[in-house]
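Biologist: Could you take me through the aromatic rings here, and through the charged groups that sit over them?

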Amino acid sequence: MVFCGAGKYCCGDWLSCKTCPAGYACAHWTKGGKSKCRTGEYSDPGWEKCDPCPVGHYCPDGIKNGCEPGLFQPDTRATSCFRCEEGF
């Protein structure tokens, strides 16, 4: 049995570790666990924890997405962006 370090998780064989995928958290010394980021949070590959989605972005599925031109997001932990008012 192998215990994987932070940012890694163990796959079915318990003999090797893999890099934690984007949208998941893989905490230090887990027994293979990877946890899906909550709505409004994100992670990049190899992260041990999920972070709140930053201002100007939205994170509906654990992946950080920037707001498209003409859209904005003034809050953290957002799952969508708002349309800018005309003239802004």
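Biologist: Which residue has a ring with the charged end of K36 over it?

Modeller: In this predicted model, a lysine counts as sitting over a ring if its NZ is within 6 Å of the ring centre and within 35 degrees of the ring normal. The charged end of K36 is placed in this way 5.2 Å from a ring centre, and the charged end of K34 lies over that ring too, 5.1 Å from its centre. The ring belongs to Y24.

Biologist: How many aromatic pairs are there, and is the pair of Y42 and W47 stacked or tilted?

Modeller: With ring centres required to lie within 6.5 Å, the count is two aromatic pairs. In one of them, Y42 and W47 have ring centres 5.3 Å apart and planes at 55 degrees. Because planes count as stacked under 30 degrees and as edge-to-face over 60, the pair of Y42 and W47 is tilted.

Biologist: Is Y42 buried or exposed?

Modeller: Its partner W47 has a relative accessible area of 25% and is therefore partly exposed. For Y42 the relative accessibility is 9%, and since the limit for burial is under 20%, Y42 is buried.

Biologist: Which strands hold F72 and F82?

Modeller: F72 and F82 form a tilted pair, 5.7 Å centre to centre with 45 degrees between the planes. Both residues are partly exposed, F72 at 36% relative accessibility and F82 at 42%. The pair ties together parts that are ten residues apart in sequence, because F72 lies in strand β9 (residues 71-72) and F82 in strand β10 (residues 82-83).

Key: Residues numbered from 1 in each chain as written. Predicted model: local features only at pLDDT ≥ 70, side-chain atom pairs only at ≥ 80, totals over all residues. Heavy atoms only, no water. Phe/Tyr/Trp six-rings, centres within 6.5 Å; stacked < 30°, edge-to-face > 60°. Buried < 20%, exposed > 50% of the residue type's maximum accessible area, 1.4 Å probe, protein only. Helix = DSSP H or I, 4+ residues; strand = E, 2+ residues; numbered from the N terminus.
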